[in-house]
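Hi everyone, thanks for coming. I'd like to walk you through one model today, so let me put it on the screen.

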Amino acid sequence: MSLKIKQDHARFRDIVRGRIKRNLKKYIQKGEMVGKKGKDFITIPVPTIDIPHFRFGERSQGGVGQGDGDAGDPLSPADGQAGSGQAGRGEGQHLLEVDVSLEELADILGEELELPRIVPKGKDRIIATRLRYTGISPSGPESLRHFKRTYKQALRRQIASGSYNPRRPVIVPVREDRRYRTWKQVPLPETNAVVIYMMDVSGSMGDEQKEIVRIESFWIDTWLRKHYKGLEARYIIHDAVAREVDRETFFHTRESGGTMISSAYKLAVDLIESEYAPTAWNIYPFHFSDGDNWSADDTRLCVDILQTRILPAVNLFCYGQVESPYGSGQFVKDLKESIGARENVALSEIADKDAIYPSIKTFLGSGR
Amino acid sequence: MDKHTQLPARLYDIRKRVEGFAREYGLDFFDTIFEVLGFDEINMVAAYGGFPNRYPHWRFGMEYERLSKGYEYGLSKIYEMVINNDPSYAYLLESNMDVDQKLVMAHVFGHVDFFKNNFMFRHTNRKMMDAMANHATRVRRYQDKLGVEMVEDFIDRTLSLENLIDYQSPYVKRRPDRAAADAEAEDARQVAKGFETEREYMRTYINPPAFLEAQQRRLDEEAARKKKFPERPERDVLLFLLENAPLERWEHDVLSIIREEAYYFAPQGQTKIMNEGWATYWHSKIMTEKALDASEIIDYADHHSGTLATHPGQLNPYKLGVELWRDVEDRWNKGRFGKEYDDCDSFEERRRWDKKLGLGRQKIFEVRKHCNDVTFIDEFLSLEFCLDQKLFTFGYNEKHQRWEIMEREFKKVKEKLLHMLTNFGQPLIAVEDGNFENRGELYLVHKHDGVDLKLDYARDTLRNVQSLWRRPVNLHSKVEGRGMLFRYDGKEHTDRRAEL
């Protein structure tokens with residue numbers, strides 16, 4: 001049996017996440033409980049919404065307590081106001097935040113950066129969700145009344161209250177007996193998506209640059225996963241030649257040598273054409289580099305591949321240029337001139353870690 | 001039909017035994033129905049304030065989340081819950097050990113005895129279970145008709161005002177009876193006399209009836225203008241709004257639901273210390289003297305001490321309550337009361353004072369009938385008790401940026417405690433004028449007793465009052481010793497200095 005209160009609870013969660021009733025947002029307090037998991041202390045966020053009342057200012061009030069101590073001794077901070085404020089419980093115990101699911105994380109990201117929801121490509125061809133009548137609820141519109149269940153409920157009540165006579169089986173439902181169909185949105189069929197991460201691992205890309213790429217790709221992953229159930233990720237690294245690697249290798253490889261970006265794009269095209277038919281897949285290539293391409297000729301080749309083979313097939317092509325100790329290259333400017341105006345292209349220059357957020361916003365802000 | 005048969009046989013037997021002990025001790029309670037619930041259900045019921053069915057509102061979901069998370073992470077668990085109703089309903093957590101269930105039952109009978117006999121509860125609806133369900137149905141119906149958002153927004157706004165009721169009103173008569181009031185008004189009514197004349201036959205010529213009538217009308221109008229509205233300050237602001245605000249029918253109904261529930265829950269808040277103390281007193285008495293098996297003692301001691309644990313910054317009503325009850329019983333057993341005892345200055349003599357009166361039990365039963373938390377503390381919290389229990393006051397030290405223990409002096413502690421409890425710890429706010437400055441504005445006055453209001457909340461609450469009253473609303477209060485008039489006219493807030 002699903003509990004009645006789940007509806008209230010869902011509504012509360014929606015308010016906390018800012019989906020509905022934004023007028024209450026300013027009353028949300030980030031309370032927390034301190035618990036223990038193994039050896040570690042953990043904080044469990046318990047947001048509350050405080051409806052305003054006429055009431056006394058807290059600080060001017062104080063209260064009465066019980067226990068040892070002299071006048072002037074401090075109370076431990078958590079004690080003053082029960083259930084709110086800081087959770088300082090002395091030093092040396094570290095607090096881990098728990099209970100944020102990736103889904104919630106994505107929500108928070110979306111909220112902070114005001115990202116639009118992604119509109120899957122080819123909406124007219126792929127039906128993304130369907131309504132299905134799955135459940136039964138004690139309230140609902142009359143047109144959805146479930147007669148059989150209503151009568152069953154009435155019968156149950158009459159038997160329980162002893163007013164049912166098997167010899168004269170008359171069942172009269174009252175208002176509380178009524179049952180209604182409720183529906184759920186079911187994604188059918190699932191939309192598929194693939195992210196192709198490409199990274200330049202030439203000698204000029206240091207650890208710091210890779211860290212930036214790692215953080216950024218984590219957030220992109222999280223956000224896309226929220227929108228696509230079956231998200232696949234492929235990883236390509238390149239210097240003068242490109243190869244496909246697993247996730248682990250992608251983030252930890254350090255190569256040396258020159259940079260031929262076209263090699264990565266060719267490999268990406270191969271992947272797309274052999275495995276991800278653009279009609280069935282939402283495709284997101286992300287490319288990170290410090291922008292120091294080998295030659296102008298290769299850059300021209302890259303632009304050519306992008307224009308003729310990648311851009312027509314993908315939802316969004318993103319290029320992030322990470323600033324390296326050797327300065328920033330020319331590639332992003334070249335792209336800007338040639339394809340910057342295309343609507344499924346997002347270009348961003350990432351100077352340092354602080355620039356990650358605006359960069360994510362550039363990449364995902366288009367809602368494609 | 002026996003309503004108790006749904007209990008498993010094992011619990012049914014425990015229940016019968018514990019109930020027997022409770023009756024032996026003289027507890028007098030409504031028939032009590034115990035229901036066994038899983039943790040999810042018990043969290044739901046607790047979130048609903050003890051009822052299985054409430055109107056839909058997100059704040060119950062909020063409470064549910066808090067309780068569920070506390071339970072999931074093993075931080076808290078609900079032991080007992082009981083509602084003031086006839087028959088009374090109490091809930092047992094399925095996964096509890098038998099010794100816990102025993103303890104809970106004994107505790108519950110204490111509560112129900114208190115509900116039944118304490119004067120504060122005399123006016124509460126003993127069929128609240130049904131009333132709550134009806135409220136739920138009514139609100140659901142409005143939501144079906146008008147949409148969830150609209151009804152919920154209105155509930156949000158009225159909940160913001162739910163403490164603006166008159167906590168004393170069920171026990172005193174604030175307004176004169178309609179008939180008596182009319183008669184009084186009739187007596188005070190000025191009758192138009194017209195011009196004076198000594199010649200009887202000239203009277204109708206000098207004061208023709210039409211002239212007299214006109215004069216009478218003028219007098220009546222003048223009286224009506226002078227008459228204040230409301231005639232005396234109305235502390236039941238919700239009632240005033242119900243009677244005078246331009247509400248839609250559904251709004252009127254929802255507001256009256258919120259008000260009714262606020263009045264129902266109020267006595268529980270006003271007797272928290274007494275009630276929890278009373279229940280704890282009885283469960284420990286019943287358990288230790290009668291119901292406990294030898295094998296259960298460790299678990300019982302563990303759970304009992306958990307209930308009574310104290311933390312420096314919080315007052316545990318269970319602990320304070322039970323200690324005070326025991327103190328009262330002890331004092332009346334030993335005759336430590338009255339003029340003779342009060343006048344005794346010798347510390348040694350007071351310590352050894354024992355007249356062997358044995359009046360303790362009788363006294364506590366009496367007290368549970370006639371007191372609430374305020375009078376209980378006022379009457380029975382003694383210097384010795386205060387020292388014994390290590391009570392202190394605390395406050396926020398701006399200089400050190402922290403909460404600190406302020407004082408241990410008996411007088412100060414008692415004063416602070418009483419202040420916290422008076423009017424349920426809520427500011428006293430009343431409607432002074434429903435036609436402020438003759439412009440149909442609402443004028444509320446906060447009776448300032450040394451503690452300022454939380455201003456941002458006060459402004460937001462004022463906004464909610466305005467949304468019901470429709471015309472501008474004003475609130476007079478004091479901020480740092482100076483009188484202030486807060487005003488919200490539906491568009492913006494203005495504050496100005498104003499003394500009463």
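I'll go through the interface, then chain B, and then some salt bridges and a surface patch.

One thing up front: this is a predicted model, so please keep that in mind throughout.

Okay, the interface. How much area is buried between chain A and chain B? It's about 6600 Å², and carbon and sulfur atoms give 59% of that. On the residue side, chain A puts 63 residues into the contact and chain B puts in 81. For polar contacts across the interface of chain A and chain B, the rule finds 16 residue pairs, with both residues at pLDDT 80 or more. And which parts of chain A are doing the touching? The elements that give two or more residues to that side are α1 (5-16), β1 (28-37), β2 (40-49), β3 (63-66) and α2 (77-80) of chain A. The largest share comes from α1(A), with eight residues.

There are also four salt bridges between chain A and chain B. A:Arg11 makes a salt bridge with B:Glu152, and there the closest N and O atoms are 2.8 Å apart.

Hold on to B:Glu152 for a second, since the next residue touches it too. That residue is B:His57, in the loop between α2 (39-47) and α3 (58-72) of chain B. Is B:His57 buried or exposed? B:His57 has a relative accessible area of 0%, and the cut-off for buried is under 20%, so B:His57 counts as buried. Leaving out residues up to four places away in sequence, B:His57 touches A:Asp8, B:Glu152, B:Ile155, B:Asp156 and B:Leu159. So you've got a contact from chain A in that list, A:Asp8, alongside those from chain B. The B:His57 side chain also makes a polar contact with the side chain of B:Trp58, at 3.5 Å.

Now let's zoom out to chain B as a whole. Its secondary structure comes to 21 helices and ten strands. The chain has 500 residues, and buried ones make up 50% of them. If you take the contacts in chain B with a separation of 6 or more, 69% are between residues 24 or more positions apart. As for the outside, the accessible surface of chain B is about 25000 Å², and 50% of that belongs to carbon and sulfur atoms.

For a look at the packing, take helix α17 (residues 360-370) of chain B. Its buried residues are B:Gly360, B:Lys363, B:Ile364, B:Phe365, B:Val367 and B:Arg368. Yes, there's a Lys and an Arg in that list. What do they pack against? The buried residues of α17(B) pack against α4 (98-117), α12 (272-291), α14 (317-334) and α18 (373-380) of chain B.

On to salt bridges. Over all chains, the count comes to 47. I've picked out a few.

In chain A, A:Glu142 pairs with A:Arg178, with the closest N and O atoms 3.5 Å apart. This pair links distant parts of the chain, 36 residues apart. A:Glu142 sits in the loop between β5 (129-137) and α4 (147-161) of chain A, and A:Arg178 in the loop between α4 and β6 (180-187). A:Glu142 is partly exposed at 39% relative accessible area, and A:Arg178 is partly exposed at 24%.

Over in chain B, B:Arg351 and B:Glu348 form a salt bridge at 3.2 Å between the closest N and O atoms. Both lie in helix α16 (residues 347-352), three residues apart, so about one turn of the helix. B:Arg351 counts as exposed at 52% relative accessibility, while B:Glu348 is partly exposed at 35%.

B:Asp354 and B:Lys356 meet in a salt bridge too, at 3.6 Å, N to O. Here B:Lys356 is exposed at 67% and B:Asp354 is partly exposed at 35%. And there's a network: B:Glu437, B:Arg439, B:Glu441 and B:Arg487 are linked by salt bridges.

Last stop, the surface. Which residues form the nonpolar patch with about 650 Å² of accessible area together? They're B:Phe195, B:Tyr201, B:Met202, B:Tyr205, B:Ile206 and B:Phe211. B:Phe211 is in helix α9 (residues 209-226) of chain B. With a relative accessible area of 31%, B:Phe211 is partly exposed, and patch members need over 30%, so B:Phe211 makes the cut.

That's my tour, so over to you.

Definitions and conventions
Residues numbered from 1 in each chain as written. Chains lettered and ligands numbered in written order. Predicted model: local features only at pLDDT ≥ 70, side-chain atom pairs only at ≥ 80, totals over all residues. Heavy atoms only, no water. Patch = residues over 30% accessible without salt bridge, like charges linked within 9 Å, V, L, I, M, F, W, Y side chains within 5 Å. Areas by Shrake-Rupley, 256 points an atom, 1.4 Å probe, with all protein chains shown as cover. Salt bridge = Lys/Arg side-chain N within 4 Å of Asp/Glu carboxyl O. Helix = DSSP H or I, 4+ residues; strand = E, 2+ residues; numbered from the N terminus. Buried < 20%, exposed > 50% of the residue type's maximum accessible area, 1.4 Å probe, protein only. Contact = heavy atoms within 4.5 Å. Buried area = accessible area lost by both parts, 1.4 Å probe. Polar contact = N/O pair within 3.5 Å; in protein donor to acceptor, adjacent residues only side chain to side chain.
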